[in-house]
Amino acid sequence: MTSGLHAPPVSRARFAIGDVVRHRLLDFRGVVFDVDPVFANSDEWYESIPEAIRPSKEQPFYHLLAENAEASYVAYVSQQNLIADEESGPVDHPAIDGLFDAFEEGRYRLRREHKH
């Protein structure tokens, strides 16, 4: 018996929790702290992206503790707009110490209490 619902195609996440990444178009970098296999934010958020650059919903989206020259913040970014960070240095974000306990070999290690 089928319900008529179809699962979205399975996407493979290119980045993992603790990876440091950079936005492909905008000037910021961040550390991944969560991954959604497909878009899982509000329609209002999605519609706020200019249509010409709006990413497909059928790809992984990453929650980042992000930084730019002016501020630290949380970002939600599609896989197509992220690249590995070549800087290889730590990210300056006040929430990092609450989620991660070490920065080694260009990535963060998740604190034991946050692993599941």
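Modeller: Buried means under 20% relative accessible area, and exposed means over 50%, with partly exposed in between. The model discussed here is predicted.

Colleague: Why is arginine 29 called buried or exposed, whichever applies?

Modeller: Arginine 29 has 5% relative accessibility. The cut-off for buried is under 20%, so arginine 29 counts as buried.

Colleague: What makes arginine 29 and glutamate 87 a salt bridge?

Modeller: The N to O distance between their side chains is 3.7 Å. The rule asks for a Lys or Arg side-chain nitrogen within 4 Å of a carboxyl oxygen of Asp or Glu, so the pair qualifies as a salt bridge. Arginine 29 sits in strand E2 (residues 29-36) and glutamate 87 in the loop between E5 and H2, 58 residues apart.

Colleague: Is glutamate 87 buried or exposed, and how do you know?

Modeller: Glutamate 87 has 52% relative accessibility. Exposed begins over 50%, so glutamate 87 counts as exposed.

Colleague: How do you know that arginine 22 forms a salt bridge with aspartate 85?

Modeller: Their closest N and O atoms are 3.0 Å apart, and the limit is within 4 Å. Arginine 22 lies in strand E1 and aspartate 85 in the loop between E5 and helix H2 (96-99), so this salt bridge ties together parts 63 residues apart in sequence.

Colleague: Which accessibility classes do arginine 22 and aspartate 85 fall into?

Modeller: Arginine 22, at 21%, counts as partly exposed, because buried requires a value under 20%. Aspartate 85, at 9%, counts as buried. Arg22, Arg29, Glu67, Asp85 and Glu87 are linked in a network of salt bridges.

Colleague: Why are E1 and E5 called paired?

Modeller: E1 (residues 20-23) and E5 share three bridges in the antiparallel sense. Pairing needs at least two, so the two strands count as paired. One of the bridge partnerships joins arginine 22 to isoleucine 83 in E5.

Colleague: What makes E4 and E5 edge strands?

Modeller: The open sheet runs in the order E4-E3-E2-E1-E5. E4 (72-78) and E5 (82-84) each pair on one side only.

Colleague: What is notable about the phi of glutamate 105?

Modeller: Glutamate 105 has a positive phi of about 55° although it is not a glycine. Most residues other than glycine have a negative phi. Glutamate 105 lies in the loop between E6 and E7 and is exposed, at 85% relative accessible area.

How values were computed. Residues are numbered from 1 along each chain as its sequence is written. This is a predicted model: local features need pLDDT of at least 70, side-chain atom pairs count only at pLDDT 80 or more; totals for chains, interfaces and linings use all residues. Side-chain values use heavy atoms; hydrogens and water are left out. Helices (H or I, at least four residues) and strands (E, at least two) are DSSP runs, numbered from the N terminus. Buried means under 20% relative accessible area, exposed over 50%, partly exposed in between (1.4 Å probe, protein chains only).
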